[in-house]
Each structure stands twice: as C-alpha cells, then as structure tokens.
Amino acid sequence: MQIAEDSLAGCCAPSYAVQQWSLSALGGQIVVPAEFAITQGALSQGWGVVIPDHQGPNEAYAAEPLAGRITLDGIRAAKNFEPMRLAADTRIGMYGYSGGAIATGHAAELKQSYAPDWLLLDPNGRPCSPPPSARCSRPSSESRSASDNGYMELGLHYWNFSTPAAPESITPTLTSTAKLAEQAGFTEFTVMDHYFQMEAQGNADEPMLEGYTTLGYLAAVTERMRLGLLVTGVMYRYPGLLAKIVTTLDVLSGGRAQLGIGASWYEKEQRALGVPVVPVAERFERLEETLQICLQMWSADNGPYKGEHYQLAETLCVPAPLSKPRPSILIGGGGEKKTLLMVARYADACNLFAVSMDDIARKLDVLRAHCDSEGRDYDGIRKTACYIRPILDDPDQFVRDAEQLAGMGFTLLNLMPNGDPLAYTERVAELVLPRVSGL
C-alpha cells in the first residue's frame, strides 16, 4: 500500500513524522496522528506500506509530476526489496488525501508510461485508470487483455511532415502537436521509419525526418507518452546498434521507449539510399534474428550471438534500459504465416490495420492459434491497431468502432492525422476524446 502523506502540512515531510514518530517533527501537524493510524490499519490488513517523501524541505514538489515519479519509485523500491519476496503480480494499492492526493493523482497518470506492468488498484480494489481524457472504452471484461487496466488508449501516429509546407514549420508543428496530444490524453506518440514519404500517401520527395532522431527530440519535449517507431524497418540498422538506439531513447525519455519493428517493405527508398534489398523470406529471417539479439542484449547474457545473418562477439548493453524488465516489443503487420507467428513467439504487442471488423477478427483468430502452438498466453499480448478511417468526418462511427474493437481485446488505437496535424489533434481533443472517455 502506498500512502501519500499530506504534502500541504505545515512542516517539512510528514513521512518522517510517521516513520520516526518524532515529537519535534509533529509540532504543528495535527494530521500526522491520523496518518499513523491509517498506516497501522493497512499493516494490520497484511499490506506492505510505502510512505514516499515527495518534498523534503521543499513542499513545492508535491504539486508537480515529479511527485508521481517519486511515488512510483518508492513503490518500485519496495517491490524489488529482496527480503520481502513479492511476486511480480503483487497487488498495489494507493491512498492519498489533501495534498497527498496530488501526488497520488500524478502517480496514476504516469503509471502507464512509468510502470506499465504493475497491477495498480484503486481503494475499491479495481484497476486504477488514468484521467478520463485518456480513456476511450468500456471497463475491462473477460474479452479484454489480462494486462489491460480497463480502458483503451489512444496513440497519435505522426506520419506527415508536409503540412504546413514550409520546412521551418516542421519543428514547431511537431513540438506543439506532441505537447497537445500529451495534454489531451494520448498515451503513445509514434512516427514512421521511412526516409521517403510513402507513395500511396503522397510523393517520395515530400519532407520526411529520420525516425529515431525525431523520437530523441520528442523525449525532451514530452513527459508521459510512450515513444516508438511504427514500425522500425529491420533492414535499416544492424541489430546490435538498434538495441543500443532503443536503449538510448529509453534512458533519455525516462523509460518510455517501445521497440516497434517489422520486416520492412519500401524498396524504392532502400535502393535509392543503398540499403541492401533482399528477398522477403530473408527479411523475415533477419527479423527473427534481430528480435533474438535485442532480447539477449536486454538480458544478463553479454555473450556472443551466432546466427545465419548476424554474428556478434559480445552483446553488451550499458547502461541497461530503464523500462522493466526491458522496452516493450511490438511487431507490426498482419501476415498470417510469419508475422503473427513472430508476435506469438517474441512480442509483447501486435499492431494491425483496422481495415474491417471481419478482417481484424480473423487476424486475432490466427494469432490465437499461433499462441496455442507456441505455448504463449494469448491474453498476455497487447493488441493495438491503426485506425485508418477519417474519424472527424464521422465521430459517431469512431465511437462505435472503438467500442467494438475494445470488445475484441484491443487496448490502443493509433490515429493518423489528416492535413495539419496540430489542427487535427485539437479537433480530436475537442470533439472525440470527451465523447469516448465515458464508454
């Protein structure tokens, strides 16, 4: 049980008073005896208790998101305290009142990006959700993923750097859009791994930024959203370097990186820029070896890796990622024979195109069959989808589709801005998020 002390009390940190029962610290703090009683009550019910100090001598910290990070760090320290021998799925309760409620609220907001694997419960024993603006579906049901906390996330897939057209507008538009998306309640922000614009969406000579450099910039201007490429092309980077690149993003973003990856397909840009073009079968072989290398580099095994296409003398990765146990791995694509098999074998999440409900339901059936054959828990895989319809033309249809996809087990929908991305995000925040938050 995490108990956030009353951070608005008149003297220093009430946590010291509770932990040490110091008479000097108690002076002027009439709320501390109540906090002590609450702590004793929680202990008597068999809870382990964490009382984080959010402010020390400076109480101003309690009003900032930093208080949420300190709270979650305190819980993490308790979870990892070896003598307690806590299971990975240990329930975590949170309690905060008065000023302490501020820190508890920030912790709930940050939970999805800072501690996505925790089973965080509210005082009623239900999974704890972020603010209503980040929610977009019904509470959890048996059809939802076991790892889901009872709501659907929205992600913004920033695929177009051409609007506005002036090159000097690229950075301010990207920055403003990302900040607005985070403020509005989007929990994930992704960009493409392309060097030319896709010809199905425009012209190859339209502006396009390198993906991981862009994410590094976004790590500095955002605080909570998960960051990743949708998705990394396996042919564009040596696997060992890719693991280091994602690790760097994870460290610089405070543990918010996701490795989204696929077999790559855009041969025009590959040929133009000198990237080796290999047969499709070999691309999938390289994809599997890349996944194995990343998993090894994010483990305690620093030894060599010997594959058919890649050989690494060492798989050293220091510093290690901040994400625990490692950055989430998402495999994009709906190929039923190979892609979804690799999802079942290696991935934490999949990403499909929501072309039609029948098509996406069939993909999930195939994934379930692969999970059965691989001995993998189907419900343990996070289901995400790119929603490609123009939602602002028919918000009612989007709400209906979001509810139906939630019933299938999807926990995140990536939205793709049409036209000016900042204006699109503003309209989604105004017209769509308020409507879907209560589903």
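What volume does the second largest cavity have? It comes out at about 30 Å³, in a model that is predicted. The residues lining the second largest cavity are Tyr 158, Asn 160, Phe 161, Thr 163, Pro 164, Ser 169, Ile 170 and Thr 173. By class, that lining splits into 4 nonpolar and 4 polar residues, with no charged ones.

Before going further into the details, a word on confidence. Mean pLDDT for the protein is 81, with 71% of residues at 70 or more. Residues 7-31 are a weak spot, with pLDDT under 50 throughout, and the model gives this stretch 51 contacts beyond four places in sequence. Residues 55-63 also sit below 50, and here the model has 24 contacts beyond near neighbours in sequence. Where pLDDT is low, the predicted coordinates should not be read in detail.

The search of the whole structure turned up 2 cavities of 30 Å³ or more. The largest cavity holds about 50 Å³ of space. Its walls come from Ala 354, Val 355, Ser 356, Met 357, Tyr 387, Arg 389, Asp 401 and Leu 405. Sorted by class, the lining of the largest cavity has 5 nonpolar residues, 1 polar and 2 charged.

Two of those lining residues, Arg 389 and Asp 401, also pair up with each other: their side chains form a salt bridge, 2.8 Å from N to O. The two partners are 12 residues apart, with Arg 389 in the loop between strand E13 (382-387) and helix H13 (395-408), and Asp 401 in helix H13 itself. Arg 389 is partly exposed at 38% relative accessibility, whereas Asp 401 is buried at 4%.

That pair belongs to a longer list, as the whole structure has 14 salt bridges. Another one joins the side chains of Glu 153 and Arg 226, at 2.6 Å from N to O. This bridge links distant parts of the chain, 73 residues apart: Glu 153 is in strand E4 (residues 153-158) and Arg 226 in strand E6 (residues 226-229). Since buried means under 20% relative accessible area, Glu 153 makes the cut at 7%, and Arg 226 does so at 10%.

A third bridge brings together Lys 363 and Glu 336, with 3.4 Å between N and O. Lys 363 lies in helix H12 (residues 357-374) and Glu 336 in the loop between strand E11 (328-332) and helix H11 (339-346), so the bridge ties together parts that are 27 residues apart in sequence. Lys 363 is buried, with a relative accessible area of 14%, while Glu 336 is partly exposed at 28%. These two are not on their own, either: a network of salt bridges links Glu 336, Asp 359, Arg 362 and Lys 363.

As for open space, the second largest pocket has a volume of about 730 Å³. It is lined by 38 residues, and those nearest its centre are His 194, Met 198, Leu 230, Trp 265 and Phe 353. Several elements chip in at least two lining residues each, namely strand E7 (232-233), helix H10 (280-297), E11, strand E12 (349-353) and E13. The lining of this second largest pocket has 20 nonpolar, 13 polar and 5 charged residues.

Notes:
Residues numbered from 1 in each chain as written. Predicted model: local features only at pLDDT ≥ 70, side-chain atom pairs only at ≥ 80, totals over all residues. Heavy atoms only, no water. pLDDT = per-residue confidence, 0-100. Contact = heavy atoms within 4.5 Å. Salt bridge = Lys/Arg side-chain N within 4 Å of Asp/Glu carboxyl O. Helix = DSSP H or I, 4+ residues; strand = E, 2+ residues; numbered from the N terminus. Buried < 20%, exposed > 50% of the residue type's maximum accessible area, 1.4 Å probe, protein only. 1 Å grid on protein atoms, 1.4 Å probe; cavity = no way out; pocket = protein on both sides within 12 Å on 5 of 7 lines; lining within 4 Å. Points joined across faces, edges and corners; volume = space filled by probe spheres on them. Nonpolar A, V, L, I, M, F, W, Y, C, P; charged D, E, K, R; others polar.
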